[in-house]
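Q: I would like a close look at a single part of this model. Please start from the whole fold, zoom in, and then work outwards again.

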Amino acid sequence: QEMARDYGQYDNVIFEIYNEPLQIDWSVVKNYANQIVSVIREYSDNLILVGDPSWDQRPDMAIGNEVSGQNIAYTFHYYAGSHSTSGEGANALKAMNAGLSVFVSEWGTGNADGGGNVSGANSLYTINGGLICLFESKWSYATGIFKVFNKSYIPLCVILTSNVLFN
C-alpha cells in the first residue's frame, strides 16, 4: 500500500508483485495477486507485473484464469544458457498467442545463475525467428548489461509484449 500511495502517481513506475514464485500452484499466486492488485488500484492505474510459477517461466498458466483487472502483464524470465526456446520460451509464446500481455523482466544470454558463456543456440535471436519476430510482433525491448553476484557481466534484455495492455 505504501509503495502504491507514494509512487503510483508517476507514469514511469511499474509495480511487480510476487517475483519468481517457485513451485507454487497458479491458484495461490493468482489469489495473492488479486488481493495486491486491488490495493494498488486504489492509488494507481500503472502497469502491474504478476509473477508466475517456476521462477516466472510459466505465464501460460494464466491462460483462461487471469488475474482480475486492467493493465496487467505476466512476467517471464529467460536465460539462454539455462533454458530452451522450445521449453520455457514456448510457454511465453503460448501465453502471448492466447492474448495475454507478457513482460520479460529478466533475460540473459548466459546462465540463470549469472555464469556461463553467451549461448547463441538458445538466445533471443532464435526465439520464433529472432529479432525479425520482435519487429513483426511489435514487441518493444531494451538491452543493457548487469552483473550477477561475483560473476562476469552478461547481456540483459527486457522485452514488453502486449496484445491487450494498451487497449
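The part to examine is strand 3, together with its surroundings.

A: Start with the frame. This is a predicted model. The protein has five helices and six strands. Along the sequence they follow the pattern α-β-α-β-α-β-α-β-α-β-β. Of the 167 residues, 43% are buried. Contacts across the sequence matter for this tour. Among contacts with a separation of 6 or more, 68% link residues 24 or more positions apart. The accessible surface comes to about 8,800 Å². Carbon and sulfur atoms hold 50% of that surface.

Now zoom in on strand 3. It spans residues 72-79. Eight of its eight residues are buried, so the strand is mostly covered. Cover comes on both faces. On one side lie I72, Y74, F76 and Y78. On the other side lie A73, T75, H77 and Y79. The list includes polar side chains as well as nonpolar ones, such as T75 and H77.

Look next at how the strand is entered. The loop between helix 3 and strand 3 contains N71. N71 is not a glycine, yet its phi is positive, near 60°. Helix 3 itself covers residues 53-56. W55 sits in that helix. W55 also has a positive phi, of about 60°, and it is not a glycine either. W55 counts as partly exposed because its relative accessibility is 36%, between the cut-offs of 20% and 50%.

Then the pairing partner. Strand 2 covers residues 48-50. Strands 2 and 3 run parallel and are joined by three bridges. In this pairing, I48 stands opposite I72 of strand 3.

I48 and I72 lead straight to the core. The largest nonpolar core has 25 residues. I17, W26, I48, V50, V67, I72 and Y74 have the most contacts inside it. Strand 3 supplies at least two residues of this core. So do strand 1 (15-17), helix 2 (26-41), strand 2, helix 4 (88-97) and strand 4 (102-108). Helix 2 gives the most, with five residues.

Y74 deserves a stop. Leave aside its neighbours within four places in sequence. Y74 then touches W26 and V50, two of the residues with the most contacts in the core. It also touches D52, P59, A62, E66 and V67. Further along the chain, it meets L100, S101, V102 and F103. V102 and F103 fall within strand 4, which covers 102-108.

Follow the contact to S101. This residue lies in the loop between helix 4 and strand 4. S101 counts as buried because its relative accessibility is 1%, under the 20% cut-off. S101 can also be placed against T75 of strand 3. The two are 26 residues apart in sequence. In space, their C-alpha atoms are 8.7 Å apart.

Helix 4 comes before that loop. It is largely enclosed by the rest of the structure, because seven of its ten residues are buried. These are E88, G89, N91, A92, L93, A95 and M96. Just after the helix, G99 takes a positive phi of about 100°.

Now work outwards to the charged pairs. Side chains of opposite charge can pair when their charged atoms come close. The whole structure holds two salt bridges. One joins R58 and D60, at 2.8 Å from N to O. Its two ends differ in cover. R58 is partly exposed because its relative accessibility is 25%. D60 is buried because its relative accessible area is 8%.

The other salt bridge joins R5 and D6, at 3.4 Å from N to O. Both residues are partly exposed, R5 with a relative accessible area of 44% and D6 at 31%.

End at the surface. Helix 1 covers residues 2-7 and contains M3. M3 counts as exposed, because its relative accessibility is 51% and the cut-off is 50%. M3 joins Y7 and Y10 in a nonpolar patch. Together the three have about 330 Å² of accessible area.

To recap the close-up: strand 3 is covered on both faces. It runs parallel to strand 2. Its I72 and Y74 rank among the residues with the most contacts in the largest nonpolar core.

Technical notes: Residues are numbered from 1 along each chain as its sequence is written. This is a predicted model: local features need pLDDT of at least 70, side-chain atom pairs count only at pLDDT 80 or more; totals for chains, interfaces and linings use all residues. Side-chain values use heavy atoms; hydrogens and water are left out. Helices (H or I, at least four residues) and strands (E, at least two) are DSSP runs, numbered from the N terminus. Buried means under 20% relative accessible area, exposed over 50%, partly exposed in between (1.4 Å probe, protein chains only). Patches are made of residues with over 30% relative accessible area and no salt bridge: like charges are joined within 9 Å, nonpolar side chains (Val, Leu, Ile, Met, Phe, Trp, Tyr) within 5 Å. Accessible areas come from the Shrake-Rupley method with a 1.4 Å probe; for residues, only the protein chains shown count as cover. A salt bridge is a side-chain nitrogen of Lys or Arg within 4 Å of a carboxyl oxygen of Asp or Glu. A nonpolar core is a set of buried Ala, Val, Leu, Ile, Met, Phe, Trp, Tyr and Cys residues joined through side-chain atoms within 4.5 Å. Contact means heavy atoms within 4.5 Å. Two strands pair if DSSP finds at least two bridges between them.
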